[in-house]
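Hello,

Please find the structure we discussed below. My notes on what was found in it follow.

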Amino acid sequence: MSELVRFSLSIPKSLSRKFDRLIRKKGYENRSEAFRDIIRSELVEKEWEEGVIVFGTITLVYDHHKRNLLNQITELQHDNHELIVSTSHVHIDHNNCLEVIIVKGKSQNIVRFKDRLAGTKGVISCRLAGATSGRRII
Ligand code: NI
């Protein structure tokens, strides 16, 4: 870990209690570690707003029996092949499939790709989780 800086902050008591409850629930060992994670996630969000090259995952659930859906999803992935790093497919049950697509590219292109998948008829859920650009976020 790089050099640490200490600073104090003032927040209302009620907010502090809620924060402590939240971090206990999430399993953080202390406030510092929780606070570092919050800052990191804000920095990742900022990167996504800036439109730099970022990584993320798109998680899709769909019924593969829906007419033409599998073809449409495959077609969309081929149209956006430059954004796709890797894809994992899991057959959840007789009808439903789960697909996790690891993506890398400009955030706006990734969001557009995710929106097209989400808007495809028969897709049950489609979620995008932004990761990072890979630039060092301490
Ligand atoms: Ni399947």
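**Notes on the structure**

Leaving aside neighbours within four places in sequence, Leu117 is in contact with Ile58, Leu60, Ile73, Leu76, Ile101, Val123 and Cys126. Please keep in mind that this is a predicted model.

Leu117 belongs to the largest nonpolar core, which has 18 residues. Together with Ile58, Leu60, Ile73, Ile101 and Phe113, Leu117 touches the most other members of that core. At least two residues of the core come from each of these elements: helix H2 (31-50), strand S1 (53-63), helix H3 (69-79), strand S3 (96-106), helix H4 (107-118) and strand S4 (123-130). Strand S1 gives the largest share, four residues.

As for the overall layout, the protein has four helices and four strands. In sequence order they follow the pattern α-α-β-α-β-β-α-β. The radius of gyration is 19 Å, while the globule rule gives 14 Å for 138 residues, so the protein is more spread out than a compact globule. The C-alpha trace spans about 60 × 30 × 25 Å along its principal axes.

Some totals for the protein:

- Of the 138 residues, 27% count as buried.
- Among contacts with a separation of 6 or more, 67% are between residues 24 or more positions apart.
- The exposed area is about 10,000 Å², and 52% of it is supplied by carbon and sulfur atoms.
- There are 23 positive and 17 negative charges, and their mean positions lie 7 Å apart.

Two single residues are also worth a look.

The first is Glu99, which sits in strand S3. Is Glu99 buried or exposed? Its relative accessibility is 6%, and under 20% means buried, so Glu99 counts as buried. Glu99 is in contact with Ile58, Thr59, Leu60, Tyr62, Ile73, Gln77, Thr87, Ser88 and His89, again leaving aside neighbours within four places in sequence. One of these, Leu60, is 39 residues from Glu99 in sequence, yet the two C-alpha atoms are 5.0 Å apart in space. Ile58, Leu60 and Ile73 appear among the contacts of Glu99 and also among those of Leu117.

The second is Asn68, in the loop between S1 and H3. Asn68 is not a glycine, but its phi is positive, at about 70°. With 47% relative accessibility, Asn68 counts as partly exposed.

Regards

Technical notes:
Residues are numbered from 1 along each chain as its sequence is written. This is a predicted model: local features need pLDDT of at least 70, side-chain atom pairs count only at pLDDT 80 or more; totals for chains, interfaces and linings use all residues. Side-chain values use heavy atoms; hydrogens and water are left out. The radius of gyration is taken over C-alpha atoms; the globule rule is 2.2 Å times the number of residues to the power 0.38. Buried means under 20% relative accessible area, exposed over 50%, partly exposed in between (1.4 Å probe, protein chains only). Contact means heavy atoms within 4.5 Å. Accessible areas come from the Shrake-Rupley method with a 1.4 Å probe; for residues, only the protein chains shown count as cover. Lys and Arg count as positive and Asp and Glu as negative; His and the chain ends are not counted. The place of a charge is taken as NZ of Lys, CZ of Arg, CG of Asp or CD of Glu. A nonpolar core is a set of buried Ala, Val, Leu, Ile, Met, Phe, Trp, Tyr and Cys residues joined through side-chain atoms within 4.5 Å.
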